[in-house]
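Visitor: I am new to this structure and should be grateful for a close look at one part of it. Would you kindly take chain A as the subject and describe how its pieces are arranged?

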Amino acid sequence: MAKTPSPQELWNIDHKPPKKWWMDLPLNIRPGNFSYPAKPQILKELDMPNPRPWSPLDEDWKLPPNWKEIVLEGIRERLDKFRTFKVFMDICVRCGACADKCHFFIGSGDPRNMPVLRAELLRSIYRGEFTKAGKLLGRFGGARELTVDVIKEWFHYFYQCTECRRCSVFCPYGIDTAEITMLGREILNLLGLNINWIMEPVRNCFKIGNHLGIQPHSLKDMVDFFIDDIEEVTGVRIEVPFMKKGAEVLFVTPSGDYFADPGTYTFMGYLMLFHEIGLDYTMSYYAAEGGNFGLFSSNENMKRLNAKIYAEAKRLGVKWILGGECGHMWRVINQFMDTMNGPADFLEVPKSPITGTVFENARSTKMVHITEFTSDLIKHGKLNLDPSRNDHLKVTFHDSCNPVRAMGLLEEPRYVIKNVCNNFYEMPEDTIREKTFCCGSGSGLNNDEFMEMRMRGGLPRANAVQYVHDKHDVNTLACICAIDRAALTTLMNYWVPDVTVYGVHELVANALVMKGEKKRTTDLRQMPIPGMEDAEDV
Amino acid sequence: MGESQGLSALLQKKRADIITRWAGILVDSYPSGAHEFLSNKKNRFANPVGYTIAKEIAAMVDGLINRQDIDSFSSSLDKIMRIRTVQDFKPSEALAFVYQLKGVIRECLDESLSDAEVRAGLEELDAFTDALGLLAFDIYVGCKEQLYQLRVDEVKRNTYMLVKRAKMLVEGPEGDQGSRNLV
């Protein structure tokens, strides 16, 4: 019979992971910590390389026989093409300013989630293969050889970065680690290493018009449901124009707003607002997606998805474009659109037809963020608002990474919220505005198989929400991004279950007093408004 | 918990040492590259994991000293286990720190272990630690079950409009949002 260990022996078991240099740490890929690979058919339809069935759990990832050559050529081509890539590979002095700023490192304690080390995954190969110093010094100089295990490590960690760019805020050299992730993913795509949650939306958006692949007749039906729901809540019947040539404004929003709760209520909010101010606008089935998952796979995919919006604006003959509450759409618009598909000189500099305000900041892209548009309406007294309808909500605001860090949208959403809600509380300083913490699910990682990772990545954000919940009894988390609305709902359920997620324009619509409306007794979710219920509901 | 007053007084005397060692075990369970970050940062927003470890381990050690009921440990254990459930630990690795408390206390009380009263108290404390381990196991499994539920809820939310359009939903009486409010 085996000897039973004594308690003394048992508590002497060493539970510490072995001390190893990062290059020697084992790779731990297991169900729950990776996203499923793209389906071969989808890659074929997008003309993407190496479509085949494979799994990260397999030993053999079925790479092309000349995979090494492809990767090295891919790096070489991008070093020539993107000056930023070359600079970012060369100038990092490993000062460590970024190391503890990543939500995935903070939530996991995995050193390879430190932005500097995530970049080193690629930089070590750059040094080893492209620099003399690296070739001479080898590991001592932070260089290493390109092997299949390195490729696997890239896949695991470049699909663990949400491209939120919080780390870049702290980098004294301004290195944009998100761009290193983007390039890492581009190179992985050359080998057919990508995830379905990104590539299927890219394919759907490219071929059908939106991430989910909702066809025009289905989208029309969905919008009709919303029109019915709005009438039930407000008594006002509205119309939603589609494919209207010659409209003044093309409205583009992420498809998450019309197929998934709670984004649907935000979508209803936009529609009510446009009806109330009599905006001459149109939506499009062809450009029915503000989101751009191309950003998360390759610059070529990003370009062709972004081009659809501008091609449709030209075809419909609108003057300018209004964009909904989306996150990464605004990074594409503000940082890449002009050089990819611009200049959009067939459009006019956006001017609000209601207030006459010219949006000079959108002079180049011709695209205005809806909170800029709405805050301007409020500033000019064009909306009749009753914020007391939101009095049961104690609200805090999550700055979505891309609008805040890629376009500097800081005040407008706050201004709107403070005008439609009476109870607003900020989260702690280091967790908002430019230093906001990511929801943990951005850049195409908001799939359900990645749930554990998303919960750990979202911990710093949830932790700050927990603080204002404990201190001020905050029960509402407002945000301006479709991925946030979906991801934060789940994140709150796990970490701070008493907090509900709202889009800003849902809050606007609840407070909006519409001409000809009936007495509001319920909010857009058709839940009774405390103090305003029907007698039978009380 | 009914261990002797004498042991309580000893634990009180060694409180800081016990907290440091027990929290150290939790920190050491992470890869070495994260130790400095998890131990040194006390900013609760920049380092929620390190902050939670420091705060909740101290609360539990105080609970042991004050011989509190096991239910009063639920909140602290939940905060630690909720984090460890979603990190890269096997279930046994996530829970091990609870049982390692036995070793921590013995190390801290080394010179007093020959005292019969202390040894008797330690036996009771061991049984209590075992019960804490079971509580931590319940919390771990509860968190895992919640993760599975969250996955299901997301799928439901993402497909609600499509299912509704396909007229596959049976709505409740007027005003009742039926299944919509369930997800």
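Guide: The account that follows begins with the domains of chain A, moves to particular helices and strands, and ends with the neighbouring chain. It should be said at the outset that this is a predicted model.

The domain assignment divides chain A into domain 1, residues 22-194, and domain 2, residues 202-511. The C-alpha centres of domain 1 and domain 2 of chain A are 30 Å apart. Where these domains of chain A touch, 25 residues of domain 1 are in contact with 29 residues of domain 2. On the domain 1 side, the helices α2 (40-45), α5, α9 (166-170) and α10 (177-190) of chain A each contribute at least two residues. Helix α5(A) gives the most to that side, with five residues. Sorted by class, the side of domain 1 of chain A that touches domain 2 has nine nonpolar, 10 polar and six charged residues.

Attention may now turn to the sheet of chain A. Four strands of chain A form an open sheet, in the order β2-β1-β3-β4, with parallel pairing. At the edges stand β2 (281-282) and β4 (367-369) of chain A, each of which pairs on one side only. Strand β1 of chain A, residues 249-252, pairs with β2(A) in the parallel sense over two bridges. Within this pairing, A:V249 stands opposite A:Y281 of β2(A). Helix α17(A) packs on the sheet and touches β3 (320-323) and β4 of chain A, and the direction of the helix makes about 70° with that of β4(A).

Helix α17 (370-379) of chain A also has a part in covering another helix, α19(A). Helix α19 of chain A spans residues 411-420 and is mostly covered, with seven of its 10 residues buried. The buried residues of α19(A) are A:E412, A:P413, A:R414, A:V416, A:I417, A:N419 and A:V420. Besides α17(A), the cover over these residues includes β5 (395-397), β6 (476-479) and α23 (504-511) of chain A.

A pair of helices offers a further detail. Helix α15 of chain A, residues 299-316, packs against helix α16 of chain A, residues 328-340, at an angle of about 90° and with 10 Å between their axes. The helices α15(A) and α16(A) are therefore roughly perpendicular to each other. From α15(A), the residues A:M302, A:K303 and A:N306 meet A:V332, A:F336, A:M337 and A:M340 of α16(A). By class, this contact has five nonpolar, one polar and one charged residues.

Finally, chain A also meets chain B: 40 residues of chain A are in contact with 37 residues of chain B. On the side of chain A that touches chain B, at least two residues come from each of α5 (103-108), α12 (216-234), α20 (451-457), α21 (459-472) and α22 (482-495) of chain A. Helix α5(A) is thus found both on this side and on the side of domain 1 that touches domain 2. The residues of chain A that touch chain B divide into 18 nonpolar, 12 polar and 10 charged. As for the partner, the secondary structure of chain B comes to seven helices and zero strands. Of the 183 residues of chain B, 34% count as buried.

Note on methods
Residues are numbered from 1 along each chain as its sequence is written. Chains are lettered from A and ligands numbered from 1 in the order in which they are written. This is a predicted model: local features need pLDDT of at least 70, side-chain atom pairs count only at pLDDT 80 or more; totals for chains, interfaces and linings use all residues. Two residues are in contact if their C-beta atoms, placed from the backbone, lie within 7 Å. Ala, Val, Leu, Ile, Met, Phe, Trp, Tyr, Cys and Pro count as nonpolar, Asp, Glu, Lys and Arg as charged, and the others, Gly among them, as polar. Domain bounds come from an automatic or database domain assignment. A residue is buried if 20 or more other C-beta atoms lie within 10 Å of its own, exposed if 12 or fewer, and partly exposed in between; C-beta atoms are placed from the backbone. Axes are lines fitted to C-alpha atoms, for helices over the stretch in contact, and angles run from 0 to 180 degrees between N-to-C directions. Angles under 35 degrees count as roughly parallel, over 145 as roughly antiparallel, 65 to 115 as roughly perpendicular and the rest as oblique. Two strands pair if DSSP finds at least two bridges between them.
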